[in-house]
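Biologist: I should like to understand how the terms used for a protein model are justified. May we take them one at a time?

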Amino acid sequence: MPPKGELSAALRPFGFRNPERVWKDLSPFGQSAFDRAAWAELLLLLLPEFSKSADPDLSAAQFASFAEASFHRSQLFKYLVQSPAARQVLCRVFGLSPSLGLLLRQEPGLLYWLFDEDGLYAKFPPEKLAENLRRETETTDDTEGKLNALRRVKRRQMLRIGARDLMGLSDVKDLTLELAGLADALLEGTLQIGKARLAQEKGVIPPGLFVAMGMGKLGGRELNYNSDIDLLFIYDCPLPEGPEREKAHRFFNDLAEWIIQAMTEPTSLGNLFRVDMRLRPEGLGDMAKSIDSYLEHYETRGQPWELQALLKARPCAGDLELGKRFLVEIEPLIFRKNFDSVYLQEIREIMDMIKEKMESQGRGRTQVKLGRGGIREIEFIVQYLELIHGGQHPEVRIPNSLEALETLGEKGYLLKADVQFLSTAYRFLRNVEHRLQMVHGLQTHTLPKKAADRERLARSMGFEASGHQTAANLFQAHYTELTERVRALYEDTFKIKKRKDFSAQAAQDALLGDFEGLEKHLEGTFFLEPAQAASNLKALIGRLRRSAGVRGELLWTGFIPELFAQLKKVPHPDRALNQLESFLQAASLPDLYVRYLLEKPALLKLLLELFSNSLFLSQILIAQPGNFDVAIRAVGESSPQSIQDFLDSLEERLAEIPDWEERLDLLRDTRNSEVLRVGLQDLLGKRSLFESFAELSRLAQALSRSALGVATDQMGLPKVGERPSVPKGFCLMAMGKLGAREMNYGSDLDVLFVYGDTEGKEIGFEAYLKLAETFTHAVADPTRRGFAYKVDARLRPMGREAQMTHSVEAYRQYFNTYAQPAERLAYTRAVFLAGDRDIGFQVKEEIDRFVYGRGLTRAELDSILDIRNQMEDKAKKARGLEIKVSAGGIVDIEFFVQILQVAYGKNKPLLRMPHVPTVMGYFKEEGLVPAEILDELLAAYRFYRLVEARHRMVRESADDELPLEPERLQRLAWRMGLGREKVAGDQLVERLEKSQERVRFLFKRIPEWLRFES
């Protein structure tokens, strides 16, 4: 590497903050004689392009990764030398968006596609996009293949749209129209695939029409990069009331549910779009309803906010004429031709209510969408004027905000100067929103806090440093000026006064010490135990007074309305308030936390969700309030650390701590903070359930490796690796949920302790046994910080009655002599976890020989089913509703999968994957079991695991018995997103019982899909 001074002098003029790192990333490409000349020429052309990007360092780093991933690097370099536009696109994309950069690294050929006839400079009207999708889906006949074709088209189109945006080839209106058009086309494609699939399954399509109505941003054709799509599914069936019409109703609901699943399902190619169905009547119930049912609801029970939401309704896919008919029928309910002051006040009250909710979620000056002077305020101005004037003037009934603004100005309902400003502000704020979402491909609307991130955002918006002013400073000044003017127009339009509610009176009672009055005001609210809630509030005001005096009282009056607004939205308000009080009592400066929560309503909402849903996660935060930073990070972080990055960070800290007890505390602190982070992001919906399981499994794997290293160091054993220390001749094998990468909250570490040949070696059996015990102490012994994991080694040869550690040879002998057929199933999940990889490889060979060395005989299947029956008998003694080992529970599905793995894994290595959803996909590809059977089992498995996760989240125990008390079942259903109604618990039980009945029926049919060995 050249001297640091030379590097700095050469590269800093191009805007690089870290020239040494840039050189390290880029210099390897010049070392090959084959591409040295092309690289030397290209590098001189790239440096100016890097400097023009939003973040030159990020752009260079991503370019290096992209070039490394390219198959024909020399060809790439020559192409970029000859194509200035390609260089510009790459550097701009790489300088802002790691998510689009990852897409290009995964498919480097997309760079060339961008510049062919269907790429960067092409117009994609709906008919062209539809033809493109038709060509892609015609290449395959199976359903999953067609859906993957849609996903590939989406990936390409998102790259094309993002590149056009960053190159300045499309403005906000064109971009949002293209994104909405893409969503329309993918929705139509999915609908048609689903319709064909259901027709094939059911044999007939009932008469009738079916339409998907876009709402919100989709309906207004103003979609973001990472918007959910809000939908209503409507059908019209000519059949009279009776069994046939009920069948039709079920068909259209099955179709709607299939579309939602297919659109939202995460895959290696990503998903199509997240679907939000909360705008359907009451936000629950059937996914598809008849047009008559919708009209009856809106005419008799429709709430004002529901009618306002219909301002943006638009038919997007399916039978569009049905959608247009629905809009004609519904318009008189939305727009009144004559209104009086009462109606005007009613509209203002609606806006006031929504604004209060909006500000509780996004108050402050950093929320582009919901914050002060943000996008939503412009949209509300437009919608308010549409509601007022749309009855007399149908031409203003326009779902698209920019088009509506223009028409409102033409008709004189807004000053033309205000129209021009609001249009400019809307375009600017939407551009900011798009840049934020482009970074990591997440649905975010919050300005970044870090200086480097703010500078990148500002540069991506066209701001450049000037004099002593950074680009970020200039951007912030413009943003503040613009949003303040939007807020002024908003307040002038609505002239809304804040309404008082019981929370203000409760705050006053607490301040005055009138706790009898406080308890009285809390009666009949969302608190089940008003006396306890009053006690908690009394303790909170006392804590704030002691901590901050008069300032604490001022904080209190502002905090209580926000607190109550969020408490009524959580499943268990009493528990949430109680845990919040405990947390602020434990905090050394509670007023600082309260102030921060007031400034960050999203964080307050998240904490109350945590306190309501999970006692064990709450205790992590209460025991160590410093973990509050974890909650802050959980709101902002988008992607998990790799195992190696996590290990490197942990090992650096362990290296500084020689004391055994302190090292154990660090392992527990690390585990607790990471489980808290995963749980918080789970509650936020930033991870799918199985992504959360994967993160918990990665955490367990990393901590197991570090704990084994700590144990090895403690015993002073010989090593074959450092940081973490790797003991020579000894390894841990993961089993059960850990091996399958499906760790849940409260899961144990299912492990095997294995050592190699000890004859003539420096380490004997006794040392390895001691190492296994020391490892177990390291993770399972309770300390002042609790324990990390319980260790379960019962799956070792001879189970709990045998010694903890066994040699590779002992496993070989056991498998050849004593092992039972059912043990083959358990060992399908055996994978290397930690320690000496050579030993892991040796024992994995023996395991694979035992599990997959031959097929399955009928006698072995009978033996396995006998074991399953014994497990089921134990479940019958459960006092609650058991979902794991009971008939039709989780174990039925796991046995189903593992039996097929054992039967066919010998000749089909892909079937040896321990991860249940993944291996089910391979079963489908191999055609071992009908696809619809596998889909049913996978849906049941996902449902059971969700129930298990939401149940365990409360108290982090490996308890799979659900409560029978109606109140607890209702809260469990709420935590699962099944609704708040009292009947939700009964509906959950009913669904579980039906699922168990169906799973057990399918499990008993497994011999139909087996080929037995003789």
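Biologist: What makes the radius of gyration of this protein agree with that of a compact globule?

Modeller: This is a predicted model, and the value is computed from its C-alpha atoms. For 1014 residues, the rule for a compact globule gives a radius of gyration near 31 Å; the protein has 31 Å, and therefore the two agree. Along the principal axes, the C-alpha trace spans about 95 × 75 × 70 Å.

Biologist: How many helices and strands does the protein have, and what percentage of its residues is buried?

Modeller: There are 45 helices and 14 strands. Of the 1014 residues, 55% are buried. Among contacts with a separation of 6 or more, 72% join residues 24 or more positions apart. The protein exposes about 43800 Å², and carbon and sulfur atoms supply 51% of that area.

Biologist: Where do the centres of the positive and negative side chains lie with respect to each other?

Modeller: The 140 positive and 147 negative side chains have centres that lie 2 Å apart.

Biologist: Why is strand β9 called largely enclosed?

Modeller: A residue is buried if its relative accessible area is under 20%. Seven of the seven residues of β9, residues 749–755, are buried, so the strand is largely enclosed by the rest of the structure.

Biologist: Which residues of β9 point one way, and which the other?

Modeller: In a regular strand, side chains alternate between the two faces of the sheet. In β9, L749, V751, F753 and Y755 point one way, while D750, L752 and V754 point the other way. Both groups are buried.

Biologist: What makes β8 and β9 a pair of strands?

Modeller: Pairing requires at least two bridges between two strands. Strand β8, residues 730–734, has five bridges with β9 in the antiparallel sense, and therefore they count as paired. F730 stands opposite Y755 in β9.

Biologist: In which sense does β9 pair with β10 and with β11?

Modeller: With β10, residues 791–792, the pairing is parallel over two bridges, and D750 has D792 as its bridge partner there. With β11, residues 805–807, the pairing is also parallel, over three bridges; T805 is the bridge partner of F753.

Biologist: What makes helix α44 mostly covered?

Modeller: Seven of the 10 residues of α44, residues 966–975, are buried. They are L969, Q970, R971, L972, A973, W974 and R975. Their cover includes α29, α43, β14 and α45. Just after the helix, G977 takes a positive phi of about 80°.

Biologist: Why is F115 called partly exposed?

Modeller: Partly exposed residues lie between the 20% and 50% cut-offs. F115 has a relative accessible area of 22%, so it belongs to that class. F115 lies in the loop between α8 and α9. Leaving aside neighbours within four places in sequence, F115 is in contact with Y79, A85, A86, V89, L120 and Y121.

Biologist: How do you know that Q898 counts as buried?

Modeller: The relative accessibility of Q898 is 8%, and the limit is under 20%, so Q898 counts as buried. Q898 has its place in helix α41, residues 890–904. Apart from neighbours within four places in sequence, Q898 is in contact with L825, T828 and R829.

Terms used
Residues numbered from 1 in each chain as written. Heavy atoms only, no water. Helix = DSSP H or I, 4+ residues; strand = E, 2+ residues; numbered from the N terminus. Rg over C-alpha atoms; globule rule 2.2 N^0.38 Å. Buried < 20%, exposed > 50% of the residue type's maximum accessible area, 1.4 Å probe, protein only. Contact = heavy atoms within 4.5 Å. Areas by Shrake-Rupley, 256 points an atom, 1.4 Å probe, with all protein chains shown as cover. Lys, Arg positive; Asp, Glu negative; His and termini not counted. Charge placed at Lys NZ, Arg CZ, Asp CG, Glu CD.
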